[in-house]
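Let's take a friendly walk through a protein model together. Keep the picture open beside you and look for each residue as it comes up.

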Amino acid sequence: MVVRLVSYNIRSMRDDRAALVRVVRRLRPDILCVQEAPRFQFWRHRRIWLARRAALGPVALRRGRVAGLQLYAGARATALDGRHRLLSPVPDMHQRGLAVALFDVRGVRLVAASVHLDLAAEPRRRHAEEIIEELDRVRTETGAPVVVAGDVNEEAGEAAWDLLAGRFQDAGAVAPYGLRETFSAANPARRIDGVFADEGIEVLRCGVPDDPELLADYPAATDHRPVLAELRI
């Protein structure tokens, strides 16, 4: 079974929402891992608005508003369980978290998680360790393979990214396709968004899709480019 998983930082939907919807619909995700989902005024309404326009089902996440994380299920997927965990606090910085859900995609079960790490290096490293520990526990609990995706705010070769890549497959390095860099959307120079998959998952391809219609919409939709991973479970 091939699962299409997309990771996307949508900058609280402060940009061109029509362009954002076009990008998401064209990517056809079975699972969409969102960072910087709306979390202030009318936050729930805005998250549901995106779900309806993009033909997705929002996964219920208790306290998921706090860290700006959201998971969505595509037409082929069903979320069996969704949860949110706050990571250790950092004084004077935005509270970070981990959104995670068990999905059934046409009879195949998969745990997917969305993360958004700090701008500061030490909290990124510490939170990467906490994420790995939590996902190890969820894997044992569910018996399902795990994929974690998100905005790491650093590149390969730095501490947090390498911690995740040491525990999981860095999908974009294992089977690259399309474009590599994810930030900024208008002038991409850094690969700071990634998908990390358990060793038992076959990564078929992973990268920023370079379809001309998508390339035209990326700069208007948000400040990051999306990462699409096709995974054989």
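## A charged pair to begin with

Start at Arg 83, which is partly exposed, with a relative accessible area of 22%. Keep in mind as you look that this is a predicted model. The value of 22% falls between the 20% below which a residue is called buried and the 50% above which it is called exposed, so "partly exposed" is the right label.

Which residue does Arg 83 form a salt bridge with? The partner is Asp 81, and the closest N and O atoms of the two are 2.6 Å apart. Asp 81 is also in the middle category, because its relative accessibility is 34%. As a general idea, side chains of opposite charge can pair when their charged atoms come close.

## Salt bridges along helix α3

Now move to helix α3, which covers residues 121–142. Here the side chains of Glu 129 and Arg 125 meet in a salt bridge, at 3.0 Å from N to O. Why are these two separated by about one helical turn? Glu 129 and Arg 125 sit 4 residues apart in the helix, and that spacing is why about one turn lies between them. The general rule is that an α-helix has 3.6 residues a turn, so residues three or four places apart point the same way. Glu 129 is partly exposed at 39% relative accessibility, and Arg 125 is partly exposed at 28%.

A second pair in α3 follows this spacing: Glu 141 and Arg 137 are 4 residues apart, about one turn of the helix. Their side chains meet in a salt bridge of 2.9 Å, N to O. Glu 141 has a relative accessible area of 46% and counts as partly exposed, as does Arg 137 at 39%. Salt bridges that share partners join Asp 81, Arg 83, Arg 85, Glu 134, Arg 137 and Glu 141 into one network. So the pair you began with, Arg 83 and Asp 81, belongs to this network. The count of salt bridges comes to 23.

## Around helix α4

Next, find helix α4, residues 159–167, which holds Leu 163. Leu 163 is partly exposed, with a relative accessible area of 29%. Leaving aside residues up to four places away in sequence, Leu 163 touches Arg 125, Ala 128, Glu 129 and Ile 132. Two of these names, Arg 125 and Glu 129, are the salt-bridge partners from helix α3. You can also compare Leu 163 with Ile 131: they are 32 residues apart in sequence and 10 Å apart in space, C-alpha to C-alpha.

## Rings and charges

How many aromatic pairs does a search of the whole structure find? The search finds 1. Trp 161 and Phe 196 form this edge-to-face pair, with 5.1 Å centre to centre and 70° between the planes. The pair links distant parts of the chain, since Trp 161 is in helix α4 while Phe 196 is in strand β10 (residues 193–197), 35 residues apart. Are Trp 161 and Phe 196 buried or exposed? Both are buried.

Charged side chains also sit over rings. Arg 167 lies over the face of Phe 168, at 5.6 Å from the ring centre. Arg 205 lies over the face of Tyr 177, at 4.1 Å from the ring centre.

## The buried side of helix α2

Helix α2 runs through residues 43–53, and its buried residues are Trp 43, Arg 47, Trp 49, Leu 50 and Ala 51. These buried residues pack against α1 (17–27), β3 (57–58) and β4 (69–73). After α2 comes Ala 55, whose phi is positive, near 60°.

## Stepping back to the whole chain

Finally, zoom out. The protein chain has 6 helices and 12 strands. Its C-alpha atoms fill a box of roughly 45 × 40 × 35 Å along the principal axes. For 233 residues, a compact globule would have a radius of gyration near 17 Å, and the chain's 16 Å agrees with this.

Of the 233 residues, 55% count as buried. Among contacts with a separation of 6 or more, residues 24 or more positions apart account for 72%. The accessible surface comes to about 9700 Å², and carbon and sulfur atoms make up 49% of it.

Notes:
Residues numbered from 1 in each chain as written. Predicted model: local features only at pLDDT ≥ 70, side-chain atom pairs only at ≥ 80, totals over all residues. Heavy atoms only, no water. Buried < 20%, exposed > 50% of the residue type's maximum accessible area, 1.4 Å probe, protein only. Contact = heavy atoms within 4.5 Å. Phe/Tyr/Trp six-rings, centres within 6.5 Å; stacked < 30°, edge-to-face > 60°. Lys NZ or Arg CZ within 6 Å of the ring centre and 35° of its normal. Rg over C-alpha atoms; globule rule 2.2 N^0.38 Å. Areas by Shrake-Rupley, 256 points an atom, 1.4 Å probe, with all protein chains shown as cover. Salt bridge = Lys/Arg side-chain N within 4 Å of Asp/Glu carboxyl O.
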